[in-house]
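Student: Could you take me through one part of this model closely, namely the loop that holds a residue with an unusual backbone angle, and then set that part against the rest of the protein?

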Amino acid sequence: MYGRAEDGLGHRVGDDLGVGTWDVGPLDNDTAADWCRELHDAPAGERVAMVRKALTIVVGHDADTYLDDDFAVEAVAAAAVIAAQLPGGLRLDSPYAPDFIRAGGIVDVPDGLPSLALRALDRIDGPKSGLPGLWEDGYPAVLERRRPIRAALERAAGSSPG
């Protein structure tokens with residue numbers, strides 16, 4: 001059940017009501033939830049390429065032009081998926097995470113993918129990115145929630161946390 005949930009009283013909440021983002025987590029928005037569903041539905045052999053594509057779109061985006069927030073949230077979801085596969089990484093137990101990961105499945109993390117994810121996060125959090133502006137004063141909470149993702153990626157990439 002991606003992008004939709006019930007509030008316990010039988011009322012649907014989520015994308016059917018036009019609610020695009022409901023919390024500060026890496027998967028807590030319609031675009032990330034949709035991307036996770038697509039990752040789950042993709043053949044296992046194509047998942048790494050899908051993760052890499054989400055990150056590469058962001059990293060390859062011209063730094064002098066505006067980065068659309070949809071690309072950004074897909075890359076954040078991809079970074080979270082990678083971090084969840086790494087030793088000491090976060091656990092993706094969100095109801096919007098790909099079901100195969102929540103069930104203990106994996107996505108291979110080839111060398112270089114954690115570094116690519118870090119570069120994507122740097123681009124997302126930098127100037128000319130649409131995502132920080134959507135949060136106005138709330139973006140520090142987003143960054144705080146993303147800290148374990150970045151830490152796992154930094155350990156895997158061999159860089160020191162910063």
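**A loop and its surroundings**

Tutor: Buried residues make up 41% of the 162 residues in this protein, which is seen here as a predicted model. The protein has seven helices and two strands, and from the N terminus on these elements run β-β-α-α-α-α-α-α-α. Among the contacts with a separation of 6 or more, 65% are between residues 24 or more positions apart. The accessible surface comes to about 8400 Å², and 52% of that area belongs to carbon and sulfur atoms.

The part to look at closely is the loop between helix H5 (113-124) and H6, where Ser129 has its place and where Lys128 is found as well. Lys128 is not a glycine, and yet its phi is positive, at about 65°. As background, most residues other than glycine have a negative phi. Lys128 counts as partly exposed because its relative accessibility is 48%, a value that falls between the limits of 20% and 50%.

Ser129, by contrast, has a relative accessibility of 11% and therefore counts as buried, the limit for that class being under 20%. A polar atom of the Ser129 side chain lies 2.7 Å from the backbone oxygen of Ile124. Once the neighbours within four places in sequence are left aside, the residues in contact with Ser129 are Tyr66, Leu67, Arg123 and Ile124. Ile124 thus appears twice in the account of Ser129, as the residue whose backbone oxygen lies 2.7 Å from a polar side-chain atom of Ser129 and as one of the residues in the list of its contacts.

From this loop one can turn to the largest pocket, which holds about 240 Å³ of space. Of the 20 residues that line this pocket, Thr21, Asn29, Val73, Leu131 and Trp135 are the closest to its centre. The elements that give two or more residues to the lining are helix H1 (30-41), helix H3 (69-85), helix H6 (130-135) and helix H7 (139-157). Helix H6 is therefore one of the elements on that list, and the loop that holds Ser129 lies between H5 and this helix. Sorted by class, the lining of the largest pocket has nine nonpolar, five polar and six charged residues.

Terms used. Residues are numbered from 1 along each chain as its sequence is written. This is a predicted model: local features need pLDDT of at least 70, side-chain atom pairs count only at pLDDT 80 or more; totals for chains, interfaces and linings use all residues. Side-chain values use heavy atoms; hydrogens and water are left out. On a 1 Å grid over the protein atoms alone, a cavity is a set of points where a 1.4 Å probe fits but cannot get out, and a pocket is an open set with protein on both sides within 12 Å along at least five of seven lines; lining residues have an atom within 4 Å of a point. Grid points are joined across faces, edges and corners, and a volume is the space filled by probe spheres set on the points. Helices (H or I, at least four residues) and strands (E, at least two) are DSSP runs, numbered from the N terminus. Ala, Val, Leu, Ile, Met, Phe, Trp, Tyr, Cys and Pro count as nonpolar, Asp, Glu, Lys and Arg as charged, and the others, Gly among them, as polar. Buried means under 20% relative accessible area, exposed over 50%, partly exposed in between (1.4 Å probe, protein chains only). A polar contact is a pair of N or O atoms within 3.5 Å; within protein, one must be able to donate a hydrogen and the other to accept it, and residues adjacent in sequence count only if both atoms are side-chain atoms. Contact means heavy atoms within 4.5 Å. Accessible areas come from the Shrake-Rupley method with a 1.4 Å probe; for residues, only the protein chains shown count as cover.
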